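User: I would like a close look at how charged and aromatic side chains pair in this protein. Please take one part as the starting point and work outwards from there.

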Amino acid sequence: MFALHFLMAGGRDVTPLYFNHGTEFGQSCENFLKSLDIGAIYGKIEKTPEKGRSLEDFWRECRYEFLDQFTDAPVVTAHHLDDQIETLLQGLCHGRLDRVIPHRRGNYIRPFIYVSKQEIKDYAHRHSLTYLNDPSNEDVRFTRNRIRNKIIPELLEVNPGFYKSIKKLINPVEC
């Protein structure tokens, strides 16, 4: 909602692409977009993951299969700094230093990748937008959620400037 509002407020001609991962929350988001009547395009999961496969990876693959259909224009995602940090930490947990979400890849643009989730919430509040949070984001059985809800708060206790440090690490030119 934040990205849609931000882009439309900036005078951009936007066609929202929404992919429903099959959650109850996803249906609520889809219903909200439909109520705006702005010509959104919808996709949803239409297959099941292989046994033992990470559900997070499966959802990501399905989402990009949907988004990859739209190559005639830039696809702007709402990935933000918190997503970047979670991805980086997830990679580090598996001995990988290359797990960084690029600002741009092909026709994908992530203009909010250096903006924290708190800054997005502040923007939403200033513009009377409802900030929606998928309840499944609290489920720490998923690695990303465990990092988000358990590890990052601890890192912020160790270093309250952790976000700024990560920004320098992933984008030293702009920080």
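Is Lys47 buried, partly exposed or exposed, and what is its relative accessibility? Please begin with Lys47 and the residue that meets it in a salt bridge.

Analyst: The model is a predicted one, and everything that follows should be read with that in mind. Lys47 counts as partly exposed, because its relative accessibility of 37% falls between the limits of under 20% for buried and over 50% for exposed. The side chain of Lys47 meets that of Glu65 in a salt bridge, with 3.2 Å from N to O. This pair links distant parts of the chain, since Glu65 belongs to helix H3 (residues 55-67) while Lys47 sits in the loop between strand S2 (41-44) and H3, the two being 18 residues apart. Glu65, with a relative accessible area of 42%, is likewise partly exposed.

In general terms, side chains of opposite charge can pair when their charged atoms come close. Here the pairing extends beyond two residues, as one network of salt bridges with shared partners joins Lys47 and Glu65 with Glu50, Arg53 and Glu61. The structure as a whole holds 10 salt bridges.

Two further salt bridges can be set beside this one. Glu86 forms a salt bridge with Arg148, and the closest N and O atoms of that pair are 2.9 Å apart. This pair, too, links distant parts of the chain, with Glu86 in helix H4 (residues 81-93) and Arg148 in helix H6 (residues 143-158), 62 residues apart. Both partners fall under the 20% limit and are therefore buried: Glu86 has a relative accessible area of 1%, and Arg148 has one of 15%. The salt bridge between the side chains of Arg96 and Asp98 has an N to O distance of 3.1 Å. In that pair Arg96 is partly exposed at 38% relative accessibility, whereas Asp98, at 52%, counts as exposed.

Turning from charges to rings, the count of aromatic pairs comes to 10. One of them joins Phe2 and Phe112, whose ring centres lie 4.7 Å apart and whose planes stand at 65 degrees, so the arrangement is edge-to-face. Because Phe2 lies in helix H1 (residues 2-9) and Phe112 in the loop between strand S5 (108-109) and helix H5 (117-126), the pair ties together parts of the chain that are 110 residues apart in sequence. Phe2 is buried, with a relative accessible area of 11%, and Phe112 is buried as well, at 4% relative accessibility.

Phe2 also pairs with Tyr123, the ring centres being 5.1 Å apart and the planes at 85 degrees, so this pair is again edge-to-face. Since Phe2 lies in helix H1 and Tyr123 in helix H5, the contact ties together parts that are 121 residues apart in sequence. Tyr123 counts as buried, at 10% relative accessibility. Ring pairs link Phe2, Phe112 and Tyr123, together with Phe6, into a cluster.

Finally, charges and rings come together where a charged residue lies over the face of a tyrosine. Lys34 is placed over the face of Tyr42, at 5.0 Å from the ring centre, and Arg105 over the face of Tyr64, at 5.5 Å from the ring centre.

To return to the starting point, Lys47 is a partly exposed residue that belongs to a salt-bridge network including Glu65, and its bridge to Glu65 links a loop residue with helix H3.

Notes
Residues numbered from 1 in each chain as written. Predicted model: local features only at pLDDT ≥ 70, side-chain atom pairs only at ≥ 80, totals over all residues. Heavy atoms only, no water. Salt bridge = Lys/Arg side-chain N within 4 Å of Asp/Glu carboxyl O. Helix = DSSP H or I, 4+ residues; strand = E, 2+ residues; numbered from the N terminus. Buried < 20%, exposed > 50% of the residue type's maximum accessible area, 1.4 Å probe, protein only. Phe/Tyr/Trp six-rings, centres within 6.5 Å; stacked < 30°, edge-to-face > 60°. Lys NZ or Arg CZ within 6 Å of the ring centre and 35° of its normal.
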